[in-house]
Amino acid sequence: MRGAAPSGFAFSIDRGGTFTDVYAEWADASGTAHTRVLKLLSVDPANYPDAPREGIRRVLEAETGVPHPRGAPLDTSRIASIRMGTTVATNALLERKGERTALVVTQGFRDLLHIGNQSRPDIFDLEIKAPDVLYEMVVECEEQVVLPLGDTPGTRAGRDPVGDSQRHPQHGTTATAVTGEAVCIRRAPNLQALRRELQRVLDAGIVSVAVVLKHAAIFPQHEQQVGQLAREMGFQQVSLSSVVMPMVKMVPRGFTAAADAYLTPHIMRYIETFQAGFDSGLSHVPVYFMQSDGGLTSVADFSGHKAILSGPAGGYVGYAVTTRWGGTAGSQLQMIGFDMGGTSTDVSRYAGRYEHVFESTTAGVTIQAPQLDINTVAAGGGSRLFFRSGVGPESSGAHPGPVCYRKNGYLAITDANLVLGRILPDFFPHIFGPREDEPLDAEGARAAMEAVTAEVNSHAAAAGQPPKSVDEVAMGFVRGHDVTQHVLACFGGAGGQHACAIAAALGIETIFMHRFSGILSAVGIGLAEVEPSAATLSSTVLPELNRRLDALQAQTTGRLQQQGFTEHQVHCQRFLNLRYDGTDVPIMTPSPEDGDFAVAFEQAYQREFGFKLERRAILVDDLRVRASGRHTELPEAEQEPADAGPVMLIDDISTIVVEPGWTAHITASRDVRIELGQRQQQHVSSDTECDPIQLAIFSHRFMGIAEQMGRVLQRTSISVNIKERLDFSCALFDAHGNLVSNAPHLPVHLGAMSEAVKYQIRHYASGGPGAADGLQEGDVLVSNHPQLAGGSHLPDITVITPVFDGGSIVFFVASRGHHADIGGISPGSMPPHSHLLAEEGAAIISFKLVHGGVFDEEGITALLLAPGLPGGLAGVSGTRNLQDNLSDLKAQVAANTKGIALVADLIGEYGLAVVQAYMAHIQANAEHAVREMLVAFSHEQGLAEVGTVSTRDQMDDGTPICLSVTIDRRDGSAVFDFDGTGPQVFGNTNAPPAVTHSAIIYSLRCMVTRDIPLNHGCMAPITGCMNNFTFGDEGMGYYETIAGGAGAGPGWHGRSGVHTHMTNTRITDPEILERRYPVVLHQFRLRPGTGGVGRYHGGDGVVRELEFLRPLTASILSERRAVRPFGLLGGGAAAAGVNLWVKRNGRVVSLGAKETVQVDGGDRIKILTPGGGGYGPPEGVVEVQAAQAAALAAAVDSKLAGRRDGAEFSVPVRDGGSVQQYVRNQETV
């Protein structure tokens, strides 16, 4: 019997978060091909230890008839190959279960990866939650590589680089980088000292190390020396950032190297465990794993940083290769991939070629490696359902899974589909229950849905609304929302149940579902090689670039040929990573047929950002060659008869719901193509009464509009401030200028923008200054005046667009962005010692930036240059960077245009009355939430029915800030009274009305635990420190805000090195900073011990020290340099900040909180930012009286108890949905 059994089994396996799919193919003795598909739970510890191995065992046992006991090693004699996509790397990253790792980093940057880009993930969460770093220990390497100014005048080198270099010479050894540019080695690695520190790491039991040295991407010699030393000492895993990903940007390259050191040993252990379940013959079986870039690789080359999207990549490659019918090949189609599994939904696009990204963030870790461009939404069949927050992002996973999995799980999307009849238990695999032989639990799912329905109807009854049926509530949870020229390639275990609904909502008329699309992860083997560059693209350098590409191509092709591919089976793609001079966003440009990379790059830039930058050089950051090998091509599918919907198509691994109006065509290969007949008019409710399910949908839709406006603004802008530091905000307003919804951008902008819109309404209304001109369709307004027109400060320019319907304004969209310079007495337009608004630059009350659809470039240019014209204040300049101002203003107009189009689509879908009604409902919902919070606060503080709480703080100059808040529990209202605050100061620290308004609305929103959009409703019941640093000259300006420590709270320690409260901008990467500006960043680290002590200690501030390579003007504008940040409930105050000017002769000068100085070459500015205050009395403090200590401890315990009950207003227990998580994912890309 054994000899007659079939052999030559080739397995393709997709191990997902919930299910593992196994596809096997083999030929019998006559040569006839056979296939088998199997689905099993990815995690089922009660029955098997490893799902892929169990799947192989089941197939072999079923098809050969030979017993393969679970406890014995599997016989490999019949296995021809194994190809697998796995989530093991992703899970290890999410769950932080990788290898114990150490980091070797350039001295002064031990905390660089902790600080990251210094932004916080949730702007309204007082407990700042950021992922921990992947390493346990840090070793600082004494070494320094500096980029000289060079000999050519320019923005970085200045007007006289030769003279500056002679006056301020660089001390060190000159060397040549791999890019051909010169570098200065100030200090070579101190290997003797490093050996001692690495021995401490080994003694601690850590044998994996990541090495990240500044500028190693272009000068890797120092990392190579460190790596050689580490290997000699016995480290088993050494990940050099210059090898892992040789691309400029120290922070993401460092994250990538750390992820590689952290994940690769873990992956290797998993592979060893997987292999250990087979007999020794597996060593002769080819085993390949899917990489994030869509290619398969051997076990030896499978590394951690390339494995993050191993699972989803298989689905992308699968639909790209298999979507074809009747002579129509995938290369001729544009496709949207929709992969809805049990844990998440992956969305991607294919239009003849794989679309890659080269930097992404997963689980808070930025990975710089080629990955297929897949957007993951944390909502799949296993996404949990809640009444208040809709779907996800929590997943029930495979264990315990949804209710219907019979593991005491959670109500999820799969349960809703089961209740609605979109899944039939009799046809779903019977793999549930203790014996793995029971169907889905339909009764349990309906009972759980009935419980949620009772919650919904209880809320509806209180609002005087009719009850809903169980089916109506279930449909509310699964309701989905021009890509009309695309085919929807739908796959994944839950995809077929939603395909028609998704396509109809998107306007797509063709759906394709391959028979095995979810498990076709084994298509090709891919390799890639990268080489950095610093060339300026021109006809003279192109031959050298092509020579280098030829060498890379020969290297990758040779490696594939060694694996058995012939020359005609290898396909190579050549790329140059190009960017405009002065920008930080490169475009990976594939080699064009005519060889003209410049034209190809400009076309790609135009397509991505909407415009080109004239008269700017194109720089080459790096070269890349990607080679792929493919053994076989899939056959064309043939057409067979059709089935008109409604109908359900069911096979062993999937269920497809064909809705009315659609027709399913089944091909000879048993693939499914679904075509829309006559487009059905989508039925939407015209009821303007508030429905709780519709309220959640509109809330997400409105927020999504503002978020997409932000993405357009980021893509189309050119300045570092907007494109890289994300110093902008976008929002949607009703016809009265009240905020409806915003994307989670900068808090200081969000509340203030409403005042800016309302001013423009008054300005052009009857009796206003602009009444004669009025507002017409096609007008776009611009304003920045902080005192008169709702601005925050002059560099923040607001662009406002009124939107008309039937001749009347129905809503507004607006975007506010920080412009790097708009004139004034110092570069950056934020002088520390300005006394008049005119000294800070151009002040615009109201101007029609676009009138009748025409951009008034001449008019806005005159306004931006006006401060420097004759007759103005002495020493005041107009804008120093007009072209960037104009480009960013055009980008803001483009963002507003996107918002208008999206709202117009919403109005077309639901009607104006319904959209406006839900604008009001969302504001009313926010108002109700704030009133509830205020009443709870009043009770928690023990106030009378009408009671007051008050506090007092002060500025560094002694100016008091007083606030009393009187809460009336009868209606949940409050009065904020600033009486007692000091008078206006003769300086620039006076808060404009709009900023005060913004601070109040931000504070209220932070205190509301429910996930509501920040909008005008938050203000209806109402009758830490940022460190600003600028430097520049007459031709260049740079501005950044620097993080500090966050305050502690009830149940959490303050985060160190992070932006808090009213700002959340990013910091420029050290290598980008030094490449673009004439500075050397000596250190950017935490400032240990500066957080306030307490039961929960405050976060530490940071130290940021810059050296200037030539004379410049530098300014610091900060607070908390004299007055320390206070603690709460007995918590200690944090250390104050310090600003130091370290002159090249060694003299150190304290600059105070606000100062402008003329620095010389070799001078340094060292900024030490304050920490955050502590919370609660620290244990063992004897200075506090016993009774007082007991009272404070009781107060803290009360806070903690409220937090555990989920009722504590000041500690948000977030219940955000999948859309909110999607927004965060998008903003980190």
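Start by selecting α2 and α8 in this predicted model: the crossing of these two helices is right-handed. For the residues, pick V88, A89, A92 and L93 on α2, then Y262, L263, H266, I267 and Y270 on α8; these make the contact. Colour that patch by class and you get 8 nonpolar residues, 1 polar and no charged ones. Helix α2 covers residues 88-95 and helix α8 covers 250-276, and their axes come within 10 Å, crossing at roughly 130°. The two helices are therefore oblique to each other.

**Stay on α8, add α1**

Keep α8 on screen and bring in helix α1, residues 51-64. What is the crossing angle here? The axes of α1 and α8 cross at roughly 25° and come within 10 Å. That angle falls under 35 degrees, so α1 counts as roughly parallel to α8. The crossing of α1 with α8 is right-handed. To see the contact, show P52, R53 and I56 from α1 together with Y270, T273 and F274 from α8. Sorted by class, the contact of α1 with α8 has 4 nonpolar residues, 1 polar and 1 charged.

Leave Y270 highlighted for a moment. Y270 of α8 takes part in the contact with α2, and Y270 is also on the list for the contact with α1.

**One residue of α8: P252**

Now zoom in on P252, which sits in helix α8. Is P252 buried or exposed? With 5% relative accessibility, P252 counts as buried. Leaving aside residues up to four places away in sequence, P252 touches E359, T366, Q368 and D1069. Try a distance label from P252 to S360 as well: C-alpha to C-alpha they are 9.0 Å apart, with their positions 108 residues apart in sequence.

**Over to strand β4**

Next stop is S81, in strand β4, residues 79-86. Its relative accessible area is 13%, so S81 is buried. Which residues does S81 touch, not counting those up to four places away in sequence? Select F9, A10, F11, V285 and P286 and you have them.

**Another helix pair: α19 and α20**

Hide all that and show helix α19 (residues 857-865) with helix α20 (residues 882-910). Their axes come within 11 Å and cross at roughly 130°, and α19 and α20 are therefore oblique to each other. The handedness of the α19 and α20 crossing is right-handed. On the α19 side, pick E857, I860, T861, L864 and L865; on the α20 side, pick L882, N885, L886, L889 and K890. The residues in this contact of α19 with α20 split into 6 nonpolar, 2 polar and 2 charged.

**Rings**

Time to look at aromatics. The model has 14 aromatic pairs, counting rings whose centres lie within 6.5 Å. One to select is F698 with Y918, a stacked pair at 4.5 Å centre to centre, with 5° between the planes. F698 lies in helix α16 (residues 692-716) and Y918 in helix α21 (residues 912-940), so this pair ties together parts that are 220 residues apart in sequence. Both F698 and Y918 are buried, so expect to need a clipping plane or a transparent surface if you have one switched on.

Then jump to F1029, F1031, Y1038, Y1077 and F1108. Show the side chains of these residues: ring pairs link them into a cluster.

**Two backbone oddities**

To finish, go to the backbone torsions. Most residues other than glycine have a negative phi. Select Q118, where phi is near 70°, a positive value in a residue other than glycine. Where is Q118? Look in the loop between α3 (112-115) and β6 (137-141). At 0% relative accessibility, Q118 counts as buried.

The second stop is L1129, where phi is near 50°, again a positive value in a residue other than glycine. You'll find L1129 in the loop between β48 (1112-1117) and β49 (1138-1142). L1129 has 29% relative accessibility, so this residue counts as partly exposed.

Methods: Residues are numbered from 1 along each chain as its sequence is written. This is a predicted model: local features need pLDDT of at least 70, side-chain atom pairs count only at pLDDT 80 or more; totals for chains, interfaces and linings use all residues. Side-chain values use heavy atoms; hydrogens and water are left out. Axes are lines fitted to C-alpha atoms, for helices over the stretch in contact, and angles run from 0 to 180 degrees between N-to-C directions. Helices (H or I, at least four residues) and strands (E, at least two) are DSSP runs, numbered from the N terminus. Angles under 35 degrees count as roughly parallel, over 145 as roughly antiparallel, 65 to 115 as roughly perpendicular and the rest as oblique. A crossing is left-handed if the near helix is turned anticlockwise from the far one by less than a right angle, and right-handed if clockwise. Contact means heavy atoms within 4.5 Å. Ala, Val, Leu, Ile, Met, Phe, Trp, Tyr, Cys and Pro count as nonpolar, Asp, Glu, Lys and Arg as charged, and the others, Gly among them, as polar. Rings of Phe, Tyr and Trp (its six-membered ring) pair if their centres lie within 6.5 Å; planes under 30 degrees apart count as stacked, over 60 as edge-to-face and the rest as tilted. Buried means under 20% relative accessible area, exposed over 50%, partly exposed in between (1.4 Å probe, protein chains only).
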